[in-house]
Amino acid sequence: MTKSSAPDPSLDPTQRADVVAKGILKRQFDTLLANLDGVRANQDPECLHDLRVATRRTRSALTQIKGVFPDELVELYQSRFAWLQQVTNPLRDLDVHLLQFDGYEQSLPASLRPSLEPLRAYLLTLQEGEHGRLLAALDADAFARLVEDWQAFLDAPVPEVSGTANGRRPVKELADARIWRLVKRVRREGRALRADSPPEDLHELRKSCKKLRYLMEFFQTLYPDHDIRCLIDLLKTLLDHLGGFQDLVVQVGHLSELAQRMRDEGRAETATLLAMGALIGHLLERQQTLRDDFAEVFADAFDQERRFLCRELFASGR
């Protein structure tokens, strides 16, 4: 298992943006490849998690470090890595349920806990099937070609003469512009949310926050260490909150579907369905608590002091 969250090596602010971007992409690809054996062996759910994070970071680097590679290349590999993300989704959803299963049981009255065990057995059966389907995808020609083509692109030297808008631009200039743009987007999206905003709007904000966090981490060494770490930590706190909310939205929907499937397949007696209903009710309560607390968490992450710090770090030359 290899993590992908370590800061990138120190950067020269005057270095070409396309050279730096390719280095960022290489490190994400190294992480993805390092976790493949663990995913194939299904030895630790964190291997799949780390592979998925590296995939998300790759897609984010391609689309958010704009104008350093040809548009057609970005579009092609964004689509190909989106496929990899999609084929790993079902197994990761099941992994999350199983990782949290002891907590599921503890949230129920003691008398209901044994009745939840058929759900665990069903999840394990589904997990085995989804792992087999993921193995088939990883053994398919589409994945082999993706690995081969992407490695060839990463190994190829950056052309001396760039045909893109930002390829030869000093990386610090581009990092400032892209991070500042995303800071403004996150603030705009967060301030637009209301108590009755649908979960989809919070999920969109979460995706924007992830892109901002990734950019800050990609270019972390270009900025004063204490300041950038402070902002990254605040984003992590906000993302934990938004992620917790979104996870609960997904879990409630998935568990509702599983209850229907187990009933239809004769895999759940009344006691199990009642226990699953009680669990869903508990998860909905937690979801509402996170929703109620969102405004305060967001306001703390983007208070006046942090807004001034963002402007000083990323927009002082504007």
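Helices α9 and α10 run roughly antiparallel to each other, a relationship that follows from a crossing angle of roughly 150 degrees, since angles over 145 degrees count as roughly antiparallel. The model described here is predicted, and the values in this report were computed from its atoms.

**Helix packing around α10**

Two packed helices are described by the angle between their axes and the distance between the axes. Helix α9 covers residues 199-218 and helix α10 covers residues 225-264, and the axes of the two come within 9 Å. The crossing in which α9 passes α10 is left-handed. Sorted by class, the residues that make the contact of α9 with α10 comprise 15 nonpolar, three polar and six charged ones.

Helix α10 also packs against helix α12, which spans residues 304-314, at an angle of about 130 degrees and with the axes 11 Å apart. That angle makes α10 oblique to α12. Here too the crossing is left-handed, with α10 passing α12. On the α10 side the contact is made by D227, I228, L231 and L234, while α12 contributes R306, L309, C310, L313 and F314. The residues of this contact of α10 with α12 divide into seven nonpolar and two charged, with no polar residue among them.

**The cysteines**

How many disulfides does the structure hold? The number is zero. A disulfide is a covalent bond between the sulfur atoms of two cysteines. For C230 the closest cysteine sulfur belongs to C310 and lies 9.0 Å away, which is too far for a bond, because a disulfide requires a pair of sulfur atoms within 2.5 Å. Seen from the other side, the sulfur of C310 has that of C230 as its closest cysteine sulfur, again at 9.0 Å and too far for a bond. The surroundings of the two residues can be stated as well: C230 is partly exposed, with a relative accessible area of 27%, whereas C310 is buried, with a relative accessible area of 3%. C310 is also one of the α12 residues that make the contact with α10.

**Individual residues**

The relative accessibility of five residues is collected below.

| Residue | Relative accessibility | Class |
|---|---|---|
| C230 | 27% | partly exposed |
| C310 | 3% | buried |
| N42 | 32% | partly exposed |
| S208 | 4% | buried |
| D95 | 2% | buried |

Most residues other than glycine have a negative phi. N42, although not a glycine, has a positive phi of about 55 degrees. This residue is found in the loop between α2, residues 36-41, and α3, residues 45-64, and N42 counts as partly exposed at 32% relative accessibility.

S208 lies in helix α9, and at 4% relative accessibility S208 counts as buried. Which residues does S208 touch, not counting those up to four places away in sequence? They are L182, R185, V186 and E189.

D95 lies in helix α4, which covers residues 71-99, and at 2% relative accessibility D95 counts as buried. Leaving aside neighbours within four places in sequence, D95 is in contact with P45, L48 and Q127. Of these partners, Q127 is 32 residues from D95 in sequence, and the C-alpha atoms of D95 and Q127 are 7.3 Å apart in space.

Methods. Residues numbered from 1 in each chain as written. Predicted model: local features only at pLDDT ≥ 70, side-chain atom pairs only at ≥ 80, totals over all residues. Heavy atoms only, no water. Axes fitted to C-alpha atoms, helices over the stretch in contact; angles between N-to-C directions. Helix = DSSP H or I, 4+ residues; strand = E, 2+ residues; numbered from the N terminus. Parallel < 35°, antiparallel > 145°, perpendicular 65-115°, else oblique. Left-handed = near helix turned anticlockwise from the far one by under 90°. Nonpolar A, V, L, I, M, F, W, Y, C, P; charged D, E, K, R; others polar. Buried < 20%, exposed > 50% of the residue type's maximum accessible area, 1.4 Å probe, protein only. Contact = heavy atoms within 4.5 Å.
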